[in-house]
Protein chains: 4
Amino acid sequence: MKHVEITVRVRYQETDQMGFVYYSNYLVYFEMGRIEYLRNLGLPYSELEKESIFLAVVESHCKYRSPARFDDLLIIKTWLSKMKNASVEFCYEIRRRDEENLIAEGSTILACLDENRRPRTIPDKIKTAVKGSGLNT
Amino acid sequence: MKHVEITVRVRYQETDQMGFVYYSNYLVYFEMGRIEYLRNLGLPYSELEKESIFLAVVESHCKYRSPARFDDLLIIKTWLSKMKNASVEFCYEIRRRDEENLIAEGSTILACLDENRRPRTIPDKIKTAVKGSGLNT
Amino acid sequence: MKHVEITVRVRYQETDQMGFVYYSNYLVYFEMGRIEYLRNLGLPYSELEKESIFLAVVESHCKYRSPARFDDLLIIKTWLSKMKNASVEFCYEIRRRDEENLIAEGSTILACLDENRRPRTIPDKIKTAVKGSGLNT
Amino acid sequence: MKHVEITVRVRYQETDQMGFVYYSNYLVYFEMGRIEYLRNLGLPYSELEKESIFLAVVESHCKYRSPARFDDLLIIKTWLSKMKNASVEFCYEIRRRDEENLIAEGSTILACLDENRRPRTIPDKIKTAVKGSGLNT
């Protein structure tokens, strides 16, 4: 698995008075992308939390290339770009469906936390799933 | 204490492409109003949750009289209108500062839950604080 | 057309520290439901706004029956319940997929506005589409 | 003017089920900081938009150092770090009131747009206000 794509319809609530999608919403789209990426790895995030494995964002970066608008159908492309001992990095690209033009692109680094919300190493079940998916880490 | 008033500056994020505050945000303003009402009763909601007393909204109602806009300074007026055995009702009015005109008005009913998120009776400390504030219940 | 159903996956962003979907988000789900209802009537809301037909919520009501949680797949059932000269009413029911249990139910009344955001009568194209769909108004 | 500080009370709506402020909300706090920075420069953003001067975020970056929680009083420190021909950069630091510990820090680059949402140079009134405030650009 190289990447996962999901489709998101822009909600009216996500627009602002400039007529564009408000800029913080792209981070929400990124999160939706990585949730589906993890599900495709066989690691539904809701299950991870039940096992006291939390992934908390420690860094985000986004470039806004071209505005998205109400009712647009967006494709969120997500891939896991790096896995370290206690953190993972995901990358994202957002386009309108059937268009090559980039709307936004970005990345997030997530740290692995335990039930006390303290840093812990990435558990083996995640490492194994990621390796099985073909990522060189 | 008859009511509590707080001031909220409308955020750009809260507007939509119609140029108004998006309608679900008024429920967020209502919540901010009741949090400050509780604090004024000597019952900071963050403390209540630490004692496993949760207040969960079971009903909301809002009439949108006139639109609020970006950067408006809104006054959220909140009062406790009813207290039953296991629930409380709050009422709200929203105006622009220094204007009589109503922007929105509404109410919410909240049920009291325990640490397992199951219904429980309103704890005595809340009943006592409310009675001390002069509300006939 | 009696009603329209859409499926929404609960986002992590929509949860709160109580572990439930925060209560204002149901109004966002309602909006998504009516946008798809209008699209099914042949009236994409994005097109209506381009023709200077705005539908602004003037009243909302919601009963929260049972909490929704992160990653739940929710069905939003929407129908047009009333059409007056200058306003329409939509009703909504939210359930988890494959469950009978109600999560939330509610209604919204929307007023029709013109390009100056002033009240106007419901345009004939909407009336005709609604009548063609079998609603007695 | 070197920087502007505003105080923001964390809303219940901004928390997620991990018990922290959801990560996209920091970008909303950043926006609130730069709105007040501009107001302090004598440039209320609502006035700029009326003169068809729009500032749209083209890049954002945030490091999440330590989680913020419900009801925290946060200080958002904002300063203008760069001004180019057609864009400006703001930097931000977020701390809990009366604490040195960083909660989050980041930056945003904003492009100046005209009434057709096309890039334009920064207008003189902004350049003059910024220079008067002591920023070397």
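How many bridges join strand β2 of chain A to β2(D)? The legends below answer this and describe further views of the model, which is predicted.

**Figure 1. Strand β2 of chain A pairs with β2(D).** Five bridges join the two strands, and the strands run antiparallel. In chain A, strand β2 comprises residues 54-64. One position in this view can be followed by eye: C62(A) stands opposite S60(D), a residue of β2(D).

**Figure 2. Chain D is superposed on chain A by a rotation of 180°.** The shift along the axis of this rotation is 0.0 Å, and the RMSD of the superposition is 0.0 Å. Such a relation is that of a two-fold axis. Within chain D, H61(D) has the C-alpha nearest the axis, at 2.2 Å from it. As background, any two copies of a chain are related by a rotation about an axis and a shift along it.

**Figure 3. Chains D and A contribute 15 residues each to their contact.** On the side of chain D that touches chain A, the elements giving two or more residues are α1 (25-40) and β2 (54-64) of chain D. The element that gives the most to this side is β2(D), with ten residues. Sorted by class, this side of chain D has ten nonpolar, three polar and two charged residues. Of the interface residues of chain D, 100% are also interface residues in chain A, so the copies meet through the same surface.

**Figure 4. Chain A contains three helices and five strands.** Along the sequence, these elements follow the pattern β-α-α-β-β-β-β-α. The radius of gyration of chain A is 16 Å, close to the 14 Å that the globule rule gives for 137 residues, so chain A is as compact as a globular protein of that length. Along its principal axes, the C-alpha trace of the chain spans about 45 × 30 × 20 Å. Of the 137 residues of chain A, 38% count as buried. Among its contacts between residues at least 6 apart in sequence, 68% join residues at least 24 apart.

**Figure 5. Chains B and C meet through 15 residues from chain B and 15 residues from chain C.** On the side of chain B that touches chain C, at least two residues come from each of α1 (25-40) and β2 (54-64) of chain B. The greatest contribution to this side is made by β2(B), with ten residues. The residues of this side of chain B comprise ten nonpolar, three polar and two charged. Five bridges join β2(B) to strand β2 (residues 54-64) of chain C, and these strands run antiparallel. In this pairing, E59(B) stands opposite K63(C), which belongs to β2(C).

**Figure 6. Helix α1(B) is mostly covered.** This helix has 16 residues and reaches 23 Å from its first C-alpha to its last, close to the 22 Å expected at 1.5 Å a residue. Twelve of the 16 residues of α1(B) are buried. Among them are the aromatic-named positions Y26(B), Y29(B), F30(B) and Y37(B). The buried residues of α1(B) also include E31(B) and R34(B), as well as N25(B) and G33(B). Also buried in this helix are L27(B), V28(B), I35(B) and L38(B). After the helix comes G42(B), whose phi is positive, near 85°.

Notes:
Residues numbered from 1 in each chain as written. Chains lettered and ligands numbered in written order. Predicted model: local features only at pLDDT ≥ 70, side-chain atom pairs only at ≥ 80, totals over all residues. Least-squares fit on C-alpha atoms with pLDDT ≥ 70 in both. Contact = placed C-beta atoms within 7 Å. Helix = DSSP H or I, 4+ residues; strand = E, 2+ residues; numbered from the N terminus. Nonpolar A, V, L, I, M, F, W, Y, C, P; charged D, E, K, R; others polar. Pairing = 2+ DSSP bridges. Rg over C-alpha atoms; globule rule 2.2 N^0.38 Å. Buried ≥ 20, exposed ≤ 12 C-beta atoms within 10 Å, placed from the backbone. Expected span 1.5 Å × (residues − 1).
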